[in-house]
Structures are given as structure tokens and as C-alpha cells.
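Trainee: I should like to understand how the terms used for helices are justified. May I put some questions to you?

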Amino acid sequence: MDELLALSPLDGRYRRKVESLAPFFSEYGLIRFRALVEVAWLKALADEPAIAEVASLSPAARAHLDGLIEQFDLAAAQNIKAREAKTNHDVKALEYWLKDACAAQPELAKITEFIHFA
């Protein structure tokens, strides 16, 4: 692609100078940080004794959630984008990806309806 056709000079002539910012300010970065927020929110719900429907999480369940963020990669973001093409909703696509990623962990499978709760 000719840099003159870029949407902004950051994607064109300055791309090499700002490439290190792509993991944070790209659509990939947006999706990854949304996942981080959703995981942190689910943990916060589990930490709140007043929310009896979400039991406190074991170290194994927390490690599973942390692993989803630590191992989040381009393939995960692409999976979410493919889901978005079907749902036509970016956050719902992320929610479905997280629910599927938690389904194999029995403790988390019980509380997947609280992903993106409230």
C-alpha cells in the first residue's frame, strides 16, 4: 500500500516510528484491553461477598483467567473479530469468546453469565 493512501500519517509516513504503539492503540489493543477489563470485572464480582451468585474463585480459576490475558494474541483477536462479523457487536463477540474460553474450567463455567454483567 502506498503511504499516501493511509488513513493518517501515523499509518503512512510515520508508521516505522510509532510501530511500538500498535499493541496499545490498534484495534488489537482495544480488544485485548477490553478482555482485560472483563476478566478484572469477573474477578471483582467474585471478590464481593454481597454477590452470592458468584462464588469466590480458587487459585486455579484465577490462573485460568489470568492466562487468557497473558496469552492473548493475534489469533484470539482474530477469533473475536470473526464472531463480530456474525453478531455485528464487538463487545458481544468478546463476551462469547470469553464464555467459550471459560467453558472448560468447571468453576468458571458456572458463572459465565456474569461475564459482562451490569
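Trainee: How do you know what span is expected of helix α6, and how far does helix α6 reach from its first C-alpha to its last?

Mentor: The model is a predicted one. Helix α6, residues 90-102, has 13 residues. The expected span is 1.5 Å times one less than the number of residues, and for α6 this is given as 18 Å. The helix reaches 19 Å, which is close to that expectation.

Trainee: What makes a residue of α6 count as buried, and which residues are buried?

Mentor: A residue is buried when its relative accessible area is under 20%. In α6 this holds for Val 91, Ala 93, Leu 94, Glu 95, Trp 97, Leu 98, Lys 99, Ala 101 and Cys 102. These buried residues pack against α3, α4, α5 and α7.

Trainee: Why are α3 and α6 called oblique to each other?

Mentor: Their axes lie 11 Å apart and pack at an angle of about 60 degrees. Angles of 65 to 115 degrees count as roughly perpendicular, and those under 35 as roughly parallel. The angle of about 60 degrees falls in neither range, and α3 and α6 are therefore oblique. Their crossing is right-handed.

Trainee: Why is α3 called roughly perpendicular to α5?

Mentor: The axes of α3 and α5 come within 10 Å and cross at roughly 90 degrees. That value lies in the range of 65 to 115 degrees, so α3 is roughly perpendicular to α5.

Trainee: Which residues of α3 meet α5?

Mentor: Glu 27, Tyr 28 and Ile 31 of α3 meet residues of α5, including Leu 74 and Ala 77. By class, the residues of this contact are 5 nonpolar, no polar and 3 charged.

How values were computed
Residues are numbered from 1 along each chain as its sequence is written. This is a predicted model: local features need pLDDT of at least 70, side-chain atom pairs count only at pLDDT 80 or more; totals for chains, interfaces and linings use all residues. Side-chain values use heavy atoms; hydrogens and water are left out. Axes are lines fitted to C-alpha atoms, for helices over the stretch in contact, and angles run from 0 to 180 degrees between N-to-C directions. Helices (H or I, at least four residues) and strands (E, at least two) are DSSP runs, numbered from the N terminus. Angles under 35 degrees count as roughly parallel, over 145 as roughly antiparallel, 65 to 115 as roughly perpendicular and the rest as oblique. Contact means heavy atoms within 4.5 Å. Ala, Val, Leu, Ile, Met, Phe, Trp, Tyr, Cys and Pro count as nonpolar, Asp, Glu, Lys and Arg as charged, and the others, Gly among them, as polar. Buried means under 20% relative accessible area, exposed over 50%, partly exposed in between (1.4 Å probe, protein chains only). A crossing is left-handed if the near helix is turned anticlockwise from the far one by less than a right angle, and right-handed if clockwise.
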